[in-house]
Amino acid sequence: MKKKKIGDSDISKSKDSQLIHDENKKNDVNNMISYEEKNRMNTNKEKIELPVIEVKDFNLWYDENYALKNINISFPRNKITAIIGPSGCGKSSLLRCFNRMNDVIDNCKIQGRVLFNGNDLYAKNADIRLNRKKIGMIFQKPNPFPMSIYDNITYGPKLHKIEDKKVLDEIIERCLKKAVLWDEVSDRLEETAMGLSGGQQQRLCIARALAVEPEILLMDEPTASLDPIATQKIEELILELKKNWTIIIVTHNMQQAARISDYTGFMYLGELVEFGKTIQIFEKPEKKMTENYITGRFG
Ligand SMILES: Nc1ncnc2c1ncn2[C@@H]1O[C@H](COP(=O)(O)OP(=O)(O)O)[C@@H](O)[C@H]1O
Ligand SMILES: [Mg+2]
């Protein structure tokens with residue numbers, strides 16, 4: 001049976017993920033209690049004032065695969081936090097929990113809490129629609145809708161009942177300027193977005209996410225499919241965006257994490273191994289495993 005796949009992880013074939021799966025199973029039996037102790041320590045070490053997202057004792061399974069193990073982490077407001085770790089360690093799964101994208105995966109089960117501005121995203125009365133508006137997501141492969149540049153950006157606002165052409169025009173200009181794309185496309189807003197380069201498409205997706213006035217931007221390896229110049233533009237843009245937005249970026253490009261993030265979390269086999277200021281994680285990691293990973297000994 002073909003499993004449902006979301007994002008970039010190829011879950012059906014990868015040998016690595018099978019190995020990780022087996023390793024997870026071994027760890028599950030041996031380490032149930034220590035996950036909790038270890039992960040709580042990882043969070044408390046770095047005190048985050050007024051976190052925008054707080055993950056508390058969070059676990060996630062895909063059928064038998066225990067993919068997130070008692071995660072505790074808080075994300076600071078208006079900062080860039082990078083999540084790093086080898087393929088299959090649970091980075092995308094964690095990110096998807098913040099806008100409840102895992103809800104659409106049949107075999108996915110969760111336990112624990114994710115607070116957004118203090119409110120549980122998984123509470124019975126949580127407003128999923130509003131939360132999705134507030135927590136935008138950018139994927140590895142730019143995914144513009146097959147429509148004009150203009151319609152891509154006004155899509156979200158129109159869903160939220162903004163119809164006035166003048167208001168929509170303002171949104172277009174503001175968001176394209178924020179995404180540093182305005183100068184390149186202002187004279188061809190009616191042309192299809194599919195004609196843009198990869199880097200432009202990714203900036204368009206960021207502009208589209210901004211159009212519904214989010215508070216947080218989740219980015220899952222947003223430059224993995226881009227060339228170095230397009231990557232640099234996106235990195236500059238991300239640094240600019242943090243003035244107004246909280247950014248959580250998954251990357252397995254460690255130089256990128258070191259270049260742009262304020263905080264970094266290192267994950268391995270579904271656990272948060274270490275979390276702290278980026279400079280500390282890269283220059284003075286506390287855990288041997290973090291050091292081994294950032295010095296390229298595995299990954
Ligand atoms: N939709 C899915 N269905 C089943 N298993 C999945 C799914 N997505 C991810 N997984 C599994 O969960 C684990 C973590 O995957 P993922 O979050 O994609 O890791 P990363 O983003 O760090 O590469 C892996 O073992 C992966 O195979
Ligand atoms: Mg991933």
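Let me begin with helix α4, where the cover over the buried residues includes α5 (165-178), α6 (182-185) and α7. Before going further I should say that this is a predicted model, and everything that follows should be heard with that in mind.

Which residues of α4 are the buried ones? They are Ile 149, Tyr 150, Asn 152, Ile 153, Thr 154, Gly 156 and Pro 157, and if you follow the chain past the helix you come to Lys 161, which has a positive phi, near 70°.

One of those residues, Ile 153, also belongs to the largest nonpolar core, a set of 43 residues in which Ile 153, Leu 176, Ile 206, Met 219 and Leu 241 touch the most other members. Separate from this core there is another, made of 35 residues, including Leu 68, Val 114, Phe 116 and Met 137. To give a sense of the packing in the 43-residue core, take Leu 241: once neighbours within four places in sequence are set aside, Leu 241 is in contact with Lys 178, Ile 206, Leu 210, Leu 217, Met 219 and Ile 247.

Now to the empty space, and I will take the second largest pocket, which holds about 630 Å³. Its lining consists of 22 residues, and those nearest the centre of the pocket are Arg 132, Gly 136, Met 137, Phe 145 and Val 212. Which elements supply at least two residues each to that lining? They are α3 (128-134), β6 (135-138), α4 (149-159) and α7 (198-210), so that helix α4, where I began, returns here as part of a pocket wall. Sorted by class, the lining of this pocket comprises twelve nonpolar, six polar and four charged residues.

There is also enclosed space to mention, since the structure holds one cavity of 30 Å³ or more, and the space in that largest cavity comes to about 30 Å³. The residues lining the largest cavity are Phe 98, Asn 99, Arg 100, Leu 121, Ile 128, Asn 131 and Arg 132, which divide into three nonpolar, two polar and two charged. You may recall Arg 132 from a moment ago, as one of the residues nearest the centre of the second largest pocket, and here Arg 132 is listed in the lining of the cavity.

Let me turn to the strands. How many of the six residues of β9, residues 263-268, are buried? Five of them are, and therefore the strand is largely enclosed by the rest of the structure. Strand β9 pairs with β3, residues 80-84, in the parallel sense over four bridges, and within that pairing Ala 82 has Thr 264 of β9 as its bridge partner. Strand β9 also pairs with β10, residues 271-277, this time in the antiparallel sense and over six bridges, with Met 267 standing opposite Leu 272 of β10.

The hairpin of β9 and β10 has two residues between the strands, and there Leu 269 takes a positive phi near 50°, although Leu 269 is not a glycine. Is Leu 269 buried or exposed? With a relative accessibility of 9%, Leu 269 counts as buried.

A comparable entry can be made for Glu 221, which lies in the loop between β7 (216-220) and α8 (228-241). Glu 221 is not a glycine either, yet has a positive phi of about 50°, and at 7% relative accessibility Glu 221 counts as buried.

Elsewhere, four strands form an open sheet in the order β2-β1-β4-β5, and the pairing is antiparallel. At its edges are β2 (65-75) and β5 (119-120), each of which pairs on one side only. Strand β4, residues 108-116, and β5 pair over two bridges in the antiparallel sense, and Phe 116 stands opposite Asn 119 in β5. Phe 116 is also among the members of the 35-residue core.

I will finish with Asp 106, which sits in the loop between α2 (91-97) and β4. Asp 106 is exposed, with a relative accessible area of 70%. In sequence Asp 106 and Asp 63 are 43 residues apart, while in space they are 9.1 Å apart, C-alpha to C-alpha.

Key:
Residues are numbered from 1 along each chain as its sequence is written. Chains are lettered from A and ligands numbered from 1 in the order in which they are written. This is a predicted model: local features need pLDDT of at least 70, side-chain atom pairs count only at pLDDT 80 or more; totals for chains, interfaces and linings use all residues. Side-chain values use heavy atoms; hydrogens and water are left out. On a 1 Å grid over the protein atoms alone, a cavity is a set of points where a 1.4 Å probe fits but cannot get out, and a pocket is an open set with protein on both sides within 12 Å along at least five of seven lines; lining residues have an atom within 4 Å of a point. Grid points are joined across faces, edges and corners, and a volume is the space filled by probe spheres set on the points. Ala, Val, Leu, Ile, Met, Phe, Trp, Tyr, Cys and Pro count as nonpolar, Asp, Glu, Lys and Arg as charged, and the others, Gly among them, as polar. Buried means under 20% relative accessible area, exposed over 50%, partly exposed in between (1.4 Å probe, protein chains only). Contact means heavy atoms within 4.5 Å. Two strands pair if DSSP finds at least two bridges between them. A nonpolar core is a set of buried Ala, Val, Leu, Ile, Met, Phe, Trp, Tyr and Cys residues joined through side-chain atoms within 4.5 Å.
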